Amino acid sequence: MTDIESKSNLTGQAPMVVTKNLHKSFGMVEVLKGIDLSIHPHEVLGIIGPSGSGKSTLLRCVNYLEEPTHGQIWIDGEEMTFQSGKKLSHAAKENHLNRMRTKVKMVFQRYNLFPHMTAIENVQEGLITVKKMQREAARDQARAMLTRVGLADKLNSFPAQLSGGQQQRVAIARALVMEPKVMLFDEVTSALDPELVAEVLNVMRELAHQGMTMLVVSHEMGFVEEVAHRVIFLDEGVIAEEGPPSVIFHNPSQERTRLFLKKVLERK
C-alpha cells in the first residue's frame, strides 16, 4: 500500500464524480460501452489501458468536451448531462455547461498555451475572462500559482522560451488557478523528453498529497502505482478490472491485465 493510498478512508464520503452507464460512439464505432464509476473527494483514480481503449474519451466526456452518446455524469452532486427530462434552451445548456466546467479542469498531452502570451498572462487569462477578476488581482493569483509549480523565475517568458516540462507546468498552473474541484490529466508527460518527465510528475505528486481529486491517464506505471488510491484497467471501452494499485500491478485477476502490464513494463 502506498503512502498516499493509506492516508485516508475515502469511501465514506459522497462521490465527487459519478458516471452511470456512460457510452460514447463516433459514427459506428462504440468507444465507451457503459462505464460506471464513482470517484470520491481527494481520491486519485489511475486509468490505464492500451491505446484505443477509451481512456482519453472517458476524460473528455467527464469534462463534456465530448457529449456522451448515452449515460449520465454528476460532478459534486450536480448532473452535468441532460438526460433527466429537463427541456433546456441551447443558451441555458451552454450556461449550465460553462458553470459545471469551472468545477473540473483538464490538462492535455499538448500544452495548448497561447504562444503570444507570457506564462503569467496565460495563467491569468481565465481569471480575467471567465471569473471577471480585476487584472491586478488576477496577476497576483497567477504569480502565486506559477510559484507553486516552481516557475517563479519564468513569469515573463513566452512558451517558445520554455522547455516542454515548463510549458506543461504552466498548463497545470492555468488549470489550478481556476480552483477546480477535480483535475483530469490525459497523458501529460507523453510528449516530453524523458529528463523532463520528473518535473511534471512532481507537481502532480504534490497535488495528490494535498488532496486534489484527480483522474490520471498515464503510461507512467510507477507513478500511477505510487499516487493512485484505485486503478481501473480499460480495454475495448469497458472496465476490465479495477482495484487498489497493490493488486492491479502485482496480482491482477484478469489475464488481459497481466498481458498489458507485461508489455508496458518490458518497454521500460
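This report walks through some strands and helices of a predicted model.

**The hairpin and its neighbour**

A good place to begin is strand 1, which covers residues 17-26. Strand 2, residues 29-39, pairs with strand 1 in the antiparallel sense, and eight bridges link the two. If you would like one position to look for, find Val18 of strand 1, which stands opposite Ser38 in strand 2. Together, strand 1 and strand 2 make a hairpin, with two residues between them. Gly27 lies in that turn and has a positive phi of about 65 degrees.

Strand 1 also pairs with strand 4, residues 70-75. These two strands run antiparallel as well, joined by five bridges. Here Val17 has Ile75 of strand 4 as its bridge partner.

**The six-stranded sheet**

Next comes an open sheet of six strands. Reading across the sheet, the order is 6-7-8-3-9-10, and the pairing is mixed. Which strands sit at the edges? They are strand 6 (104-107) and strand 10 (238-243), each of which pairs on one side only. From one strand to the next, the twist averages 20 degrees.

At one of these edges, strand 6 pairs with strand 7, residues 182-186, in the parallel sense over four bridges. Met106 has Leu184 in strand 7 as its bridge partner. Helix 5 packs on this sheet and touches both strand 6 and strand 7. The direction of helix 5 makes about 175 degrees with that of strand 6.

The strand pairs met so far can be set side by side:

| Strand pair | Sense | Bridges |
|---|---|---|
| Strand 1 and strand 2 | antiparallel | eight bridges |
| Strand 1 and strand 4 | antiparallel | five bridges |
| Strand 6 and strand 7 | parallel | four bridges |

As background for looking at any of these strands, side chains in a regular strand alternate between the two faces of the sheet.

**Two helices side by side**

Helix 5, residues 164-176, has another partner to visit: helix 3, residues 119-129. The axes of helix 3 and helix 5 come within 8 Å and cross at roughly 25 degrees. Because angles under 35 degrees count as roughly parallel, helix 3 is roughly parallel to helix 5. Their crossing is right-handed.

Which residues make the contact? From helix 3 they are Ala119, Asn122 and Val123, and from helix 5 they are Val170, Ala173 and Arg174. By type, the residues of this contact divide into four nonpolar, one polar and one charged.

Notes. Residues are numbered from 1 along each chain as its sequence is written. This is a predicted model: local features need pLDDT of at least 70, side-chain atom pairs count only at pLDDT 80 or more; totals for chains, interfaces and linings use all residues. Side-chain values use heavy atoms; hydrogens and water are left out. Two strands pair if DSSP finds at least two bridges between them. Axes are lines fitted to C-alpha atoms, for helices over the stretch in contact, and angles run from 0 to 180 degrees between N-to-C directions. Angles under 35 degrees count as roughly parallel, over 145 as roughly antiparallel, 65 to 115 as roughly perpendicular and the rest as oblique. A crossing is left-handed if the near helix is turned anticlockwise from the far one by less than a right angle, and right-handed if clockwise. Contact means heavy atoms within 4.5 Å. Ala, Val, Leu, Ile, Met, Phe, Trp, Tyr, Cys and Pro count as nonpolar, Asp, Glu, Lys and Arg as charged, and the others, Gly among them, as polar.
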